[in-house]
Amino acid sequence: MSREVKAEDTARAAAYEQWMKAKNPMVTFFKTLDVTNIVKISRKKKLKFNMLMDYCIGKAAKEIKEFYILPVGEKLIQYDTIAVNSIVNNVNGGVSSCDILYVDNIESFDRDYIKYTAQVAQTAKDRDLSSDSMVIGTSAVVNTVIDGAVGVYSGVFNNPFVIWGKYSKKWFKYYLSVSFQFHHTQMDGAHAGRFLENLQEEINNLK
């Protein structure tokens, strides 16, 4: 569920005044994550690595209240739930967008991920939950190791966005560089930093 809120009634009032009309209000952070735990879980449980990443992203974001308010056009929209987006290769040789509602139960999240990404791949029709949930975008460039990526600001999509490539191995651990892009009206650097710390913690603690 979503609803419009007035900037002055939120903790983002000053940020709204400062950043909503900025030519490029997006900020990108880079971080290298230790993903050893979810690589092992993926292999042992035969679960998709990207599903595990999406789940941990949703769980890392859910306790940070700034994720629930997003600038859309010139408005601020308050959401009750979070979804995580995946980019899916479709039957036409292109890509489609698939939003998965974040739920705490990982088995349920995995079922939804498998069901809806397969559906989107076969129909080449996007699954869009943005009218009801604050969607965190993701993009996995799995054929190469990347140090990070800076998204192009279109002025249309203000959603937070996480990008990663192929993980790499060093000694007995696996590492993944991620980029996290966010709209400065939605959150400050401290909130983004907390999210990335949460993400590493959720990856480490996933069972």
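## Strands β3 and β4 and their sheet

In this predicted model, Val72 stands opposite Lys75 of strand β4, and this facing pair belongs to a longer antiparallel arrangement in which β3 and β4, the latter covering residues 75-79, are joined by four bridges. The two strands are part of an open sheet of three strands, which follow one another in the order β1-β4-β3 with antiparallel pairing. Because β1 (2-5) and β3 (69-72) each have a single partner strand, they stand at the edges of the sheet, and one side of each is left without a neighbour there. From one strand to the next, the twist averages 35 degrees.

## The hairpin of β5 and β6

Strand β5, made of residues 81-89, pairs with β6 in the antiparallel sense, and seven bridges connect the two. Within this pairing, Ala83 of β5 is found opposite Leu101 of β6. Five residues lie between the strands of the hairpin, where Gly93 adopts a positive phi near 85 degrees.

## Helix α3 against α2

Helix α2, which spans residues 36-45, has an axis that comes within 9 Å of the axis of α3, and the two cross at roughly 130 degrees. Angles over 145 degrees would count as roughly antiparallel and those from 65 to 115 as roughly perpendicular, and α2 and α3 are therefore oblique to each other. The crossing in which α2 passes α3 is right-handed.

On the α2 side the contact is made by Ile38, Val39, Ile41 and Ser42, while α3 contributes Phe49, Leu52, Met53 and Cys56. Sorted by class, the residues of this contact are seven nonpolar and one polar, with no charged residue.

## Helix α3 against α4

Where does α3 lie along the chain, and how does this helix cross α4? Helix α3 is formed by residues 49-62 and helix α4 by residues 106-123, and their axes come within 10 Å and cross at roughly 125 degrees. The two helices are therefore oblique to each other, and the crossing of α3 and α4 is right-handed.

The residues of α3 that make this contact are Asn50, Met51, Leu52, Asp54 and Tyr55, and those of α4 are Ile106, Phe109, Asp110 and Tyr113. By class, six of the residues in the contact of α3 with α4 are nonpolar, one is polar and two are charged.

## Helix α3 against α5

The packing of α3 with helix α5, which runs over residues 189-205, has an angle of about 130 degrees, and the axes are 8 Å apart. Here too the angle leads to the description as oblique, so α3 and α5 are oblique to each other, and their crossing is right-handed.

In this contact, Met53, Cys56, Ile57, Lys59, Ala60 and Ala61 of α3 meet Phe195, Asn198, Leu199, Glu202 and Ile203 of α5. The contact of α3 with α5 divides into eight nonpolar residues, one polar residue and two charged residues.

## An aromatic pair that includes Tyr55

The structure holds 10 aromatic pairs, one of which is formed by Tyr55 and Tyr102, with 5.5 Å from centre to centre and 40 degrees between the planes, an arrangement that is classed as tilted. Which parts of the chain does the pair of Tyr55 and Tyr102 tie together? Tyr55 lies in helix α3, whereas Tyr102 lies in the loop between β6 (95-101) and α4, so the pair ties together parts that are 47 residues apart in sequence. Tyr55 is also among the α3 residues that make the contact with α4.

Key. Residues are numbered from 1 along each chain as its sequence is written. This is a predicted model: local features need pLDDT of at least 70, side-chain atom pairs count only at pLDDT 80 or more; totals for chains, interfaces and linings use all residues. Side-chain values use heavy atoms; hydrogens and water are left out. Two strands pair if DSSP finds at least two bridges between them. Axes are lines fitted to C-alpha atoms, for helices over the stretch in contact, and angles run from 0 to 180 degrees between N-to-C directions. Angles under 35 degrees count as roughly parallel, over 145 as roughly antiparallel, 65 to 115 as roughly perpendicular and the rest as oblique. A crossing is left-handed if the near helix is turned anticlockwise from the far one by less than a right angle, and right-handed if clockwise. Contact means heavy atoms within 4.5 Å. Ala, Val, Leu, Ile, Met, Phe, Trp, Tyr, Cys and Pro count as nonpolar, Asp, Glu, Lys and Arg as charged, and the others, Gly among them, as polar. Rings of Phe, Tyr and Trp (its six-membered ring) pair if their centres lie within 6.5 Å; planes under 30 degrees apart count as stacked, over 60 as edge-to-face and the rest as tilted.
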